[in-house]
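Colleague: Could you walk me through how to read a binding site and a pocket?
Modeller: Sure, let's pull it up.

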Amino acid sequence: MRQFLDQQNFSLLPFNTFRIEARARHYVRVEQVDQLAAALADPALAALPRLVLGGGSNLLLTQDFNGLVLHMALAGKAIVGEDAGHVLVRASAGENWHGFVQYTLEQGLGGLENLSLIPGTVGAAPIQNIGAYGAEIKDVFHSLTAFDPATGTLREMRAEECRFAYRDSVFKHAEGRGLIIVDVTFALPKAWTPNLRYAELAQAVAADGITAPTARQISDAVIAVRRRKLPDPAEIGNAGSFFKNPVVSGAQCARLLEQFPDLVHHAQADGTEKLAAGWLIDRCGWKGRNLGPAGVYPKQALVLVNNGGARGADIVALAKAIQADVQARYGVLLEPEPVFI
Ligand SMILES: Cc1cc2nc3c(=O)[nH]c(=O)nc-3n(C[C@H](O)[C@H](O)[C@H](O)COP(=O)(O)OP(=O)(O)OC[C@H]3O[C@@H](n4cnc5c(N)ncnc54)[C@H](O)[C@@H]3O)c2cc1C
């Protein structure tokens with residue numbers, strides 16, 4: 001008997017936060033690690049293109065998927081060990097990210113609070129090294145377990161092998177692209193200190209009259225700020241920030257500043273400058289504008305939204321129009337953050 005249920009011509013509408021209708025030729029919900037090996041050994045499925053799906057919050061479905069969707073629903077989280085300075089906490093790939101952050105706080109552990117309320121699953125968090133409010137998962141990452149379809153085996157990977165960078169990791173490149181993450185372990189500090197490097201977060205905490213915040217209080221502040229600024233995918237389809245913040249050379253930034261003295265830029269340790277993509281889009285007049293059923297969120301120009309009934313092509317057309325305007329005005333190419341399917 002088969003160890004998994006293969007569903008065909010399966011609608012992905014409920015499983016992507018842009019709320020775009022697209023169908024998968026085959027769909028398998030993965031609740032046990034063994035099901036991965038079994039599905040990938042199945043003669044009807046083995047040779048098909050694969051899409052590993054978490055919460056669908058960083059995807060843009062531009063067409064039906066003529067292959068196998070492996071929907072990661074592996075569950076479980078626990079404290080698994082400690083060393084002198086850290087407590088090790090592990091979660092399976094299908095666990096909801098925000099639920100996991102809240103679990104760590106309930107255990108009295110800080111370290112993930114700045115990353116509260118990011119949608120999606122634990123298994124997808126390393127893919128683009130999720131980050132927000134001055135923190136990235138690489139700061140507290142310990143290791144992960146990945147299933148390698150090429151060998152049919154599990155392997156442990158440490159931070160160096162994952163090659164984390166700004167919204168990037170080995171899993172987005174040829175060497176790591178096929179790997180399927182089954183669990184992730186974080187090393188959370190025993191001697192926790194707040195990370196209030198991000199000015200808006202520091203201001204939100206100070207505005208509540210808190211001088212020595214706990215990790216829980218920082219999480220609450222992050223949740224409040226995010227709810228104010230970002231659309232809830234349950235109400236309006238979106239995938240969060242649609243473009244990465246572009247990184248340019250110091251010289252290019254200096255030239256731009258001569259022409260646009262109020263350009264928002266942040267110096268990086270290597271001498272490059274990170275520009276605020278939302279600011280560039282806003283200055284090109286796109287904030288709050290619609291193109292067909294796709295639009296730019298009125299409160300945050302970095303977020304593209306599905307105003308209802310948009311197809312992937314509608315979002316792509318809007319993204320291209322924005323890219324063209326930003327390129328023409330600033331000479332900077334905006335790179336999309338979500339994965340296009
Ligand atoms: C409102 C909103 C706000 C957001 N804010 C932020 C933010 O502040 N910071 C940030 O970094 N991101 C943010 N995002 C983007 C998104 O939440 C993250 O990228 C998240 O990690 C995606 O998780 P997911 O489970 O939904 O992944 P999916 O969208 O399902 O998949 C994303 C990619 O990861 C791959 N993948 C998923 N699971 C696995 C696995 N187990 N093994 C191997 N590959 C896998 C997929 O194949 C795909 O390539 C936001 C999105 C929304 C909708």
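Colleague: How do the residues of the shell around the ligand divide into nonpolar, polar and charged?
Modeller: First, the ground rules: this is a predicted model, where local features need pLDDT of at least 70, side-chain atom pairs need 80 or more, and totals for chains, interfaces and linings use all residues. Residues are numbered from 1 along each chain as its sequence is written, and side-chain values use heavy atoms, leaving out hydrogens and water. Ala, Val, Leu, Ile, Met, Phe, Trp, Tyr, Cys and Pro count as nonpolar, Asp, Glu, Lys and Arg as charged, and the others, Gly among them, as polar. Here the shell has 19 nonpolar, 13 polar and three charged residues.

Colleague: Which residues are the closest to the ligand?
Modeller: A residue is near if one of its heavy atoms lies within 4 Å. Of the 35 that surround the ligand, the closest are V52, G55, S57, T121 and G131.

Colleague: What lies 2.9 Å from an oxygen atom of the ligand?
Modeller: Look for polar contacts, pairs of N or O atoms within 3.5 Å. A polar side-chain atom of Q128 sits at that distance. On the backbone, a polar atom of G56 is 2.8 Å from a ligand oxygen, and an N or O atom of I181 is 2.9 Å from a ligand nitrogen.

Colleague: And empty space?
Modeller: Rolling a water-sized probe over the atoms shows where it is left.

Colleague: Which residues lie nearest the centre of the second largest pocket?
Modeller: They are G111, E113, V140, T193 and N195, out of 14 lining residues. That lining holds six nonpolar, four polar and four charged residues. A pocket is an open set of points on a 1 Å grid over the protein atoms alone, where a 1.4 Å probe fits, with protein on both sides within 12 Å along at least five of seven lines; lining residues have an atom within 4 Å of a point.

Notes. Polar contact = N/O pair within 3.5 Å; in protein donor to acceptor, adjacent residues only side chain to side chain.
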